[in-house]
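User: I'd like a close look at one part of this model, the surroundings of the ligand. Please walk me from there into the rest of the fold.

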Amino acid sequence: PQKIIIDTDPGQDDAVAILLALASPELDVLGICAVAGNVPLHLTEKNARKICELAGKPEARVYRGAVRPLLRTLVTAEEVHGKTGLDGPELPEPAMALQPGHAVDFIIDTLMHEEPDTVTLCTLGPLTNVALALNREPRIAPRIRRIVMMGGGYFEQGNVTPSAEFNIYVDPHAADVVFRSGIDIVMMPLDVTHKALTTRARVDAIRAIATPVGKATAELLDFFERYDESKYGTDGGPLHDPCVIAWLLQPELFSGRHCNVTVETMSELTMGSTVVDWWGVTDRPKNAHVMRDIDADGFFALLTERLARL
Ligand code: BDR
Ligand code: CA
């Protein structure tokens with residue numbers, strides 16, 4: 001199986017991504033690193049453990065990461081995710097413990113010990129932990145197989161400001177470190193995730209699995225979609241983070257282009273905007289495979305089939 005580390009700020013859509021990864025035998029989840037984002041760190045690290053227990057995998061390793069962005073004040077998104085970050089289902093307080101040690105040390109130690117080019121980082125939240133790890137031990141960069149990231153937007157520019165997507169906006173300086181690192185990046189921007197809509201029929205198919213995981217996932221999605229549904233007037237909301245895991249399982253569900261991505265870190269107006277050179281009008285190096293389209297029916301079929309295994 002492919003070895004992965006999930007860096008995450010759960011978040012309902014993060015939670016579904018974690019479930020999808022834990023349900024998939026093609027993936028070996030070495031660890032789950034929590035970061036501050038959708039809600040503060042003390043909630044994201046607890047939510048990550050709740051989800052591992054829901055999945056029936058209390059042996060999964062959850063690490064506590066950065067409590068705030070590199071330079072900016074933490075911005076959270078309770079209006080989207082609710083007060084706990086995981087509003088919707090009633091999930092018990094987790095019994096499993098956090099792993100000792102910091103997520104940044106776990107990332108560095110893992111990458112320095114595993115064979116080079118075998119570990120993929122899946123980032124579902126602000127990039128603080130990954131940037132800290134790269135700054136502290138730059139030798140990890142060439143050892144990382146790739147980063148598959150949910151973040152950014154270009155034709156669909158922003159969801160938290162007119163020009164910035166949440167994960168990049170919360171820690172644009174960290175994102176800048178990552179995009180300049182030379183690591184191969186696959187980026188799932190809003191352009192893709194806004195096509196992965198949790199329509200009524202798709203959520204009902206997940207509910208119909210009729211297991212605790214199926215029921216809880218449907219409740220997570222029922223809560224999560226209300227925010228974007230009312231904003232965009234769509235049937236269902238965008239299921240952002242599971243796209244990252246789905247790409248690892250079935251990359252043919254997605255299509256995009258290899259191009260340069262640079263992050264705005266200077267302008268307050270457009271802070272955290274991802275400037276994607278889609279048309280190749282600069283000679284800046286191609287640093288990211290920027291996805292644009294998704295076979296949404298195929299994606300939800302995969303997700304539903306996998307959730308049914310838990
Ligand atoms: C991203 O921001 C968070 O609210 C979601 O979990 C997702 O990672 C979408 O902009
Ligand atoms: Ca997230």
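How many residues of the shell around ligand 1 are nonpolar, how many polar and how many charged?

Analyst: The shell splits into five nonpolar, six polar and four charged residues. Here Ala, Val, Leu, Ile, Met, Phe, Trp, Tyr, Cys and Pro count as nonpolar, Asp, Glu, Lys and Arg as charged, and the others, Gly among them, as polar.

Some bookkeeping before we go in. Residues are numbered from 1 along each chain as its sequence is written, while chains are lettered from A and ligands numbered from 1 in the order in which they are written. This is a predicted model, where local features need pLDDT of at least 70, side-chain atom pairs count only at pLDDT 80 or more, and totals for chains, interfaces and linings use all residues. The protein's mean pLDDT (the predictor's confidence in each residue, from 0 to 100) is 97, with 100% of residues at 70 or more. The model's ipTM is 0.99 and its pTM 0.98.

Back to the ligand. Altogether 15 residues surround ligand 1, and the closest are G11, D13, F166, H240 and D241; a residue counts if its C-beta atom, placed from the backbone, lies within 6 Å of the molecule. Two elements give two or more residues to this shell: helix 1 (12-22) and helix 6 (166-170). Helices (H or I, at least four residues) and strands (E, at least two) are DSSP runs numbered from the N terminus.

G11 deserves a second look. You'll find G11 in the loop that links strand 1 to helix 1, and the peptide bond leading into it from P10 is cis, with omega near -5°. Right after that comes helix 1, and eleven of its eleven residues are buried, so this helix is largely enclosed by the rest of the structure. Buried means 20 or more other C-beta atoms within 10 Å of the residue's own, exposed 12 or fewer, and partly exposed in between, with C-beta atoms placed from the backbone. D13, one of the closest residues to ligand 1, is among the buried ones, as are Q12 and D14.

On the other side of that loop, strand 1 (residues 2-8) runs parallel to strand 4 (residues 119-123), joined by five bridges; I6 has C122 as its bridge partner there. Both belong to an open, mixed sheet of eight strands in the order 3-2-1-4-5-6-10-7, where two strands pair if DSSP finds at least two bridges between them. Strand 3 (62-64) and strand 7 are the edges, each pairing on one side only.

Further along that order sits strand 10 (residues 288-294). Five of its seven residues are buried, so strand 10 too is largely enclosed by the rest of the structure. Strand 6 (residues 185-188) pairs with strand 10 in the parallel sense over three bridges, with M187 partnered to V290. Strand 7 (residues 254-259) runs antiparallel to strand 10 over six bridges, and S255 stands opposite D293.

For contrast, look at two loop residues. D117, between helix 4 (103-113) and strand 4, has phi near 70°, a positive value in a non-glycine residue, and counts as exposed with 12 C-beta neighbours inside 10 Å. A210, between helix 9 (200-207) and helix 10 (212-232), also has a positive phi, about 60°, and is exposed, with 11 other C-beta atoms within 10 Å.
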